[in-house]
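User: Hello! I am new to this structure and would like to learn how to read the surroundings of a ligand. Could you walk me through it?

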Amino acid sequence: MSGAISNMTSIRTPASRMASRRGVFGLAAGALALGSLSGAGLAEAATAKSTQKAVDYQSHPKGGKGCNTCNAFQPPSKCKTVEGPVEASGWCNKYKKS
Ligand code: SF4
């Protein structure tokens, strides 16, 4: 009896094949949508700058280190990694000597 049931469940009708294809296409469409969202999110994350507060930015140097000697500094007052205007004499905890 159980053999008969298992044989019955393996019978594929045209309707069940269509339902299965729809399921596969639905999953593929969902995966594509998810992939594009992830791509957009990754691109945004790659270009996002930190807030000055998040990196402890201050408008004066620390220990002789300042924006003017940091590799992220873009004179006269921009930074590649921190939002807003920064001063050449400023400093933050992302400082990297150029
Ligand atoms: S010290 Fe901080 S704010 Fe200044 S240039 Fe470097 S990363 Fe930007």
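Analyst: Gladly! A residue counts as near a molecule if one of its heavy atoms lies within 4 Å of it. Please keep in mind that this is a predicted model.

User: Which residues are around the ligand?

Analyst: Around the ligand are Y57, C67, C70, A72, F73, C79, T81, V82, V86, C92 and Y95. By class, this shell has 10 nonpolar residues, 1 polar residue and no charged ones.

User: How do I read empty space, and what is the volume of the largest cavity?

Analyst: Rolling a probe the size of a water molecule over the atoms shows where empty space is left. Here the count is 1 cavity of 30 Å³ or more. The largest cavity holds about 80 Å³ of space, and the ligand takes up that space. K94 is one of the lining residues, and the lining has 10 nonpolar, 1 polar and 1 charged residues.

User: Which residues make up the largest nonpolar core?

Analyst: In soluble globular proteins, nonpolar side chains tend to be buried together. In this model the largest nonpolar core has 12 residues, among them V55, W91, V82 and C92. V82 also touches K49, S50, T51, Q52, V55 and C92, leaving aside residues up to four places away in sequence.

Technical notes:
Residues numbered from 1 in each chain as written. Predicted model: local features only at pLDDT ≥ 70, side-chain atom pairs only at ≥ 80, totals over all residues. Heavy atoms only, no water. Core = buried A, V, L, I, M, F, W, Y, C linked by side-chain atoms within 4.5 Å. Buried < 20%, exposed > 50% of the residue type's maximum accessible area, 1.4 Å probe, protein only. Contact = heavy atoms within 4.5 Å. 1 Å grid on protein atoms, 1.4 Å probe; cavity = no way out; pocket = protein on both sides within 12 Å on 5 of 7 lines; lining within 4 Å. Sits in = over half its atoms within 2 Å of the grid points. Nonpolar A, V, L, I, M, F, W, Y, C, P; charged D, E, K, R; others polar. Points joined across faces, edges and corners; volume = space filled by probe spheres on them.
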